[in-house]
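Let's take a walk through a protein model together. Have the sequence and the 3D view open, and follow along piece by piece.

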Amino acid sequence: MARIAKAVDLPLIAKIDKTQGQISAQLTQGLREAVQNGDLQPGDPLPSSRELAQTLNVARGTVIEAYDQLLAEGVFESRTRAGTYVSHALTKSTQNKSLAQSAMSLTASALSYANVVKEFKPLPHRPFAVSVPVGRTQPNDVWRKFGNRFRARGAGSPAGYDEPQGIFSLRVAIADYVRRSRSVHCEPEQIVITTGIQQALYICSQILFETHDQVWVEDPAYRGTTAILEHTVQNIEMVRVPVDEEGIDVEAGIKLAKQARAAFVTPSHQYPLGMPMSLARRTALLDWAKQQNAWVIEDDYDSELRYNGQPFPSLQGMAPDQVIYLGTFSKVLFPSLRLGYAVLPKQLVAPFCGLKVLIDRHSPTADQHVLAAFIQEGYLERHIRRIRNVYAENRLQLIEMIEKHMPKQLAWLQPGDQGMHMVLWLAEHIKDVEVATSALNAGIAIKAVSPTFSKERQRSGLVIGLGDFDLALMEQAIKKLADIIQQYS
């Protein structure tokens, strides 16, 4: 059983001025104010009278006098053979009032970030949350064994600060892996280890642009990208470029903002719609980027999980000097790992690392050593092959369940043959945000699609994750979801 602290520290004793006299009265008032201000909470233990007297270098009777007064007032309570505590009968109303008042002084920027926290609140680990490592999609015991090996006395044991770029062995492993699996052309020196796609997107938004630069963003797009650009300090102009069955519409982008400085795209598996970018669109996008001397930020979302045919090679392999390639291990391993990577043109490595130093110094080193060994010894690719089969199997099961239980005039699936999710479109008059909220209250973890669109092109739909949940539980969730959708119709 974990040990519980027997007494809290009391910073208030630093305010006691012995030259003023009446030490007991000062101590009584200080303890009373600490309770009123919330520094001491109901149930908090107090130091023994002997300990506090030694700390203050006063007679023990002085402390006992203060404690007795607060016991009489009901502020403290005494427990036989357990000591003195702040009374459980007290409430936290004073502290809550203080917090409510402080919220009034928040800046507009702070309030907007508070809304971001609400929007990105993680879903519970139930159907149909995306990227939840349950069942057969969890890493096997090899991951645990590597962890024990490297964390105890190996390279991942507690150490000092490391390089912001990430450990060299992991960058070597990633360079080899993306060359073989995604036709990415790079050296380990071009790779920076991040805490995931989100950090890489943020750093790109800060180092690539000047104030009022225009950037293309898919419409719809990953909400993490659009939220960053909405809140970025450079006041970047985000240009939403429509997506169709071939991916981002480059001609439309040129008409909207030919001089844009960059394009954020998900060419392997468009988020959230799911289609890959066609070869014609890839060529057109890179031609535009070269003509305009613009960057292409390639989020290689779900590229590993294709269930039919062969995936397209990366955009980076077609134009290494023009494309910034972003990848993550959160999806194929587990999100709490918080390790991803950016493959950068050489001139961007130093500025990228410079901002990363200011954000978090470097990504957790111990996990980098574990991951490097996991990749180098071939376990990552085995794991991906295994989960690809699991997701493919669950996808077919889920399609059957939806066809069986979902009212076709109200909800239908977006075609797609890769990734960890599918989109369930809803009839135009049904509000997906309301459906998603009701579903969550009913124990179904699901997200609305409409926030990923611009306001002008919003559509109603739901993101259905393919996690390896119990099939009976999945079917039960689909039935509940169908009932909720019918209620909103």
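Before we start, one definition: the axis of a helix or strand is a line fitted to its C-alpha atoms, and the angle between two axes is taken between their N-to-C directions, from 0 to 180 degrees.

Keep in mind that what you're looking at is a predicted model. The mean pLDDT of the protein is 91, with 96% of its residues at 70 or more. Residues 93–100 are another story: there the pLDDT is below 50, and the stretch has three contacts in the model beyond near neighbours in sequence. Where pLDDT is low, the predicted coordinates shouldn't be read in detail.

Now put that axis definition to work. Find helix H14, residues 379–405, and see what it lies across: strands E11, E12 and E14 (461–465). Against E12, H14 runs at about 15°. Those strands belong to an open sheet of four, in the order E11-E12-E14-E13, with antiparallel pairing. At the edges sit E11 (411–413) and E13 (447–448), each pairing on one side only. Look between E11 and E12 (residues 421–426) and you'll find three bridges joining the two antiparallel strands. One pair to spot there is Ala411 with its bridge partner in E12, Leu426.

Next, the other sheet. This one is open too, and its eight strands come in the order E3-E10-E9-E8-E7-E4-E5-E6, with mixed pairing. Its edge strands are E3 (191–194) and E6 (247–248), and each of them has a partner on one side only. For E3, strand E10 (residues 340–343) pairs with it in the antiparallel sense, over four bridges. Check Ile191: opposite it in E10 stands Val343. Helix H7 (residues 168–182) lies across E3, E9 (323–328) and E10, and it runs at about 105° to E3.

Finally, let's see two helices meet. H1 (residues 23–37) packs against H3 (residues 60–73) at an angle of about 45°, their axes 8 Å apart. Angles that are neither roughly parallel, antiparallel nor perpendicular count as oblique, so H1 is oblique to H3. Their crossing is right-handed. On the H1 side, residues in the contact include Ile23, Leu27 and Leu31, while H3 brings in, among others, Val63, Ala66 and Leu70. What kinds of residues make up the contact of H1 with H3? Seven are nonpolar, four are polar and three are charged.

How values were computed
Residues numbered from 1 in each chain as written. Predicted model: local features only at pLDDT ≥ 70, side-chain atom pairs only at ≥ 80, totals over all residues. Heavy atoms only, no water. pLDDT = per-residue confidence, 0-100. Contact = heavy atoms within 4.5 Å. Pairing = 2+ DSSP bridges. Parallel < 35°, antiparallel > 145°, perpendicular 65-115°, else oblique. Left-handed = near helix turned anticlockwise from the far one by under 90°. Nonpolar A, V, L, I, M, F, W, Y, C, P; charged D, E, K, R; others polar.
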